[in-house]
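Q: Hi! Could you walk me through this model while I have it open? I'd like to start with the bound molecules.
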Amino acid sequence: MRILVTGGAGFIGSNFLNMLVPRYPAHSFVALDKLTYAGNPLSVADLEGAKNFALEVGDIADADTVARVFDQHRPDVVVHFAAETHVDRSIVDPTEFVRTNVVGTLQLLNACKTRWKGEGPRRFHHVSTDEVYGSLGDDDPAFTEDTRYDPSSPYAASKASSDHLVRAFHRTYGLPITVTNCSNNYGPRQAPEKLIPLTILNALDGRELPVYGTGRNCRDWLYVEDHCEAVWAVIERGVPGRTYNVGGGEERRNIDLVRTIGQLVAEETGRPEAEILGLIRFVEDRPGHDWRYAVDSSKLRAELGWAPRVELPAALRRTLRWYMSNPAWVESMRGGEHDRWMEKNYEGRQQLGSAAGTHHGRTER
Ligand code: NAD
Ligand code: DAU
């Protein structure tokens with residue numbers, strides 16, 4: 001198979017490639033990535049020299065770029081990870097989210113539709129998020145594939161829009177698509193502005209650990225390699241036209257997760273736990289902050305036999321150790337755009353100081 005991986009220099013895309021390129025020498029893999037602040041060629045540097053891997057730098061929202069890459073590499077599988085992914089950035093400015101996530105997805109779908117005319121198995125796999133389903137209350141059942149779409153943030157709305165386009169191309173043009181909607185990922189190579197790497201790196205540096213609102217919002221965490229295995233299982237054995245939810249089943253309140261990371265950092269560095277936990281600061285909440293996500297993966301488990309292989313405490317320690325032993329990668333993600341974002345997002349945020357916080361909008365049902 002010739003496999004085009006969009007967003008292959010980002011967090012999940014690079015983990016996908018680092019797992020699969022060595023495993024399948026008979027398949028060729030091409031990463032197409034714009035190398036935004038979240039993309040890093042170092043994340044795929046171990047694949048340099050592999051005969052079955054190439055990195056193309058380019059924008060999926062640019063039709064000419066997409067056409068050139070399709071004509072040169074003639075992919076028969078597209079694994080579509082590329083996206084603007086940070087909810088807080090989408091709140092500051094949604095424009096790029098619509099451009100990349102909606103228009104970019106459309107350009108890729110158009111390229112597949114016009115080129116995939118002949119023989120051979122083909123697949124457009126769209127990597128999406130549980131955030132399209134909106135927010136759960138504490139006692140609500142987990143999201144299933146039939147849960148009504150109800151996105152809260154501009155990011156989630158742009159992903160919802162792209163999901164609809166992908167399914168419309170299946171119904172209207174018969175494009176062989178699959179979709180996965182996954183919960184929060186963690187692991188190596190995640191941009192340091194997302195909660196887990198931010199907390200790890202700030203704790204290691206002795207900087208404040210910002211927790212939005214009361215910290216009682218809940219996320220369902222999945223180790224990135226388990227997500228990548230799910231995506232591959234769906235590409236290999238999933239039914240065209242179908243959607244599969246992917247979740248870790250490891251629900252944690254943000255404040256509990258931040259405390260666990262603080263404890264792990266204390267254990268791994270020998271520094272006093274109280275000193276690290278003393279860095280926690282409750283800060284002004286994210287507007288429209290979804291209260292809780294939980295994903296029901298029973299369809300994926302039953303149909304394709306997928307299950308997560310690792311559990312959160314062990315994989316979180318593995319993740320921490322990766323960040324501690326890869327300072328060159330960490331440094332390459334900092335400076336410039338990263339520093340500007342950190343200043344913009346945190347400097348103006350009011351400190352709440354204690355465990356008391358406010359919730360905006362419809363966060364608790
Ligand atoms: P990321 O932000 O770490 O990486 C995104 C990658 O896409 C980067 O390498 C970036 O350079 C690239 N990119 C951005 N705009 C582009 C454009 N216009 N053209 C080409 N490349 C572009 O994201 P991630 O966390 O790896 O997420 C990958 C996918 O998985 C996204 O579609 C996201 O919605 C989805 N997802 C993520 C999570 C999570 O917890 N991280 C969970 C569920 C689903
Ligand atoms: O659920 C899947 C989604 O998970 C993906 O679709 C997104 O691309 C990915 O970024 C992630 O979205 P979240 O908004 O859940 O991730 P983030 O790491 O930004 O935040 C996780 C939780 O931590 C969330 O409740 C907000 C909170 N938070 C985040 C930051 C950055 C804080 O309390 N403090 C922070 O400084």
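Q: Which atom of ligand 2 does a polar side-chain atom of Arg-219 lie 2.9 Å from?
A: An oxygen atom of ligand 2 is the partner of Arg-219 in that pair. Keep in mind that this is a predicted model.

Q: What about Asn-184 and Asn-254, how far are their polar side-chain atoms from an oxygen atom of ligand 2?
A: For Asn-184 the distance is 2.7 Å, and for Asn-254 it is 2.8 Å. In each pair the atom on the ligand 2 side is an oxygen.

Q: And how much of the accessible area of ligand 2 does the protein cover?
A: On its own, ligand 2 has 690 Å² of accessible area, and the protein covers 95% of that.

Q: How many residues surround ligand 2, and which are closest?
A: There are 23 residues around ligand 2, and Asp-130, Tyr-155, Arg-286, His-289 and Tyr-346 are the closest. By class, that shell holds 10 nonpolar, seven polar and six charged residues.

Q: Which element gives the most to the shell around ligand 2?
A: That's β8, with three residues. Strand β8 spans 209–212, and both β8 and α6 (195–205) supply at least two residues of the shell.

Q: Nice. Switching to ligand 1: which residues come nearest?
A: Ile-12, Asp-33, Thr-85, Tyr-155 and Lys-159 do, out of 28 residues around ligand 1. You've met Tyr-155 already, as one of the closest residues to ligand 2.

Q: What does the side chain of Tyr-155 do with ligand 1 in terms of distance, so what is the number?
A: An N or O atom in the Tyr-155 side chain is 2.7 Å from an oxygen atom of ligand 1. Backbone atoms appear too: a polar one of Asn-185 is 2.8 Å from a ligand 1 oxygen, and a polar one of Val-127 is 3.4 Å from a ligand 1 oxygen.

Q: How much of ligand 1 does the protein bury?
A: It buries 96% of the 840 Å² that ligand 1 exposes when taken alone.

Q: Which elements each supply at least two residues of the ligand 1 shell?
A: Those are α1 (11–23), β5 (123–129), α5 (154–173) and β7 (184–186). The largest share, three residues, comes from β5. The shell divides into 12 nonpolar, 12 polar and four charged residues.

Q: New topic, then. Is β1 mostly covered or uncovered?
A: Mostly covered: four of the five residues in β1 (residues 2–6) are buried.

Q: Which strands do bridges join to β1?
A: Five bridges join β1 to β2 (residues 28–33), and the two run parallel. Four bridges join β1 to β4 (residues 77–80), also in parallel. As examples, Thr-6 has Leu-32 of β2 as its bridge partner, and Ile-3 has Val-77 of β4.

Q: What do β1, α1 and β2 make together?
A: They make a right-handed β-α-β unit.

Q: Last one, backbone angles. Where is Leu-35, and what is its phi?
A: Leu-35 is in the loop between β2 and β3 (53–57), with phi near 55°, a positive value in a residue other than glycine.

Q: Why does Leu-35 count as partly exposed?
A: Because its relative accessibility is 27%, and partly exposed lies between the cut-offs of 20% and 50%.

Q: And Arg-74?
A: Arg-74 also isn't a glycine, and its phi is positive at about 45°. Its place is in the loop between α2 (63–73) and β4. At 54% relative accessibility, Arg-74 counts as exposed.

How values were computed
Residues numbered from 1 in each chain as written. Chains lettered and ligands numbered in written order. Predicted model: local features only at pLDDT ≥ 70, side-chain atom pairs only at ≥ 80, totals over all residues. Heavy atoms only, no water. Near = heavy atom within 4 Å. Polar contact = N/O pair within 3.5 Å; in protein donor to acceptor, adjacent residues only side chain to side chain. Areas by Shrake-Rupley, 256 points an atom, 1.4 Å probe, with all protein chains shown as cover. Nonpolar A, V, L, I, M, F, W, Y, C, P; charged D, E, K, R; others polar. Buried < 20%, exposed > 50% of the residue type's maximum accessible area, 1.4 Å probe, protein only. Pairing = 2+ DSSP bridges. Right-handed = clockwise from strand over helix to strand, strands pointing away.
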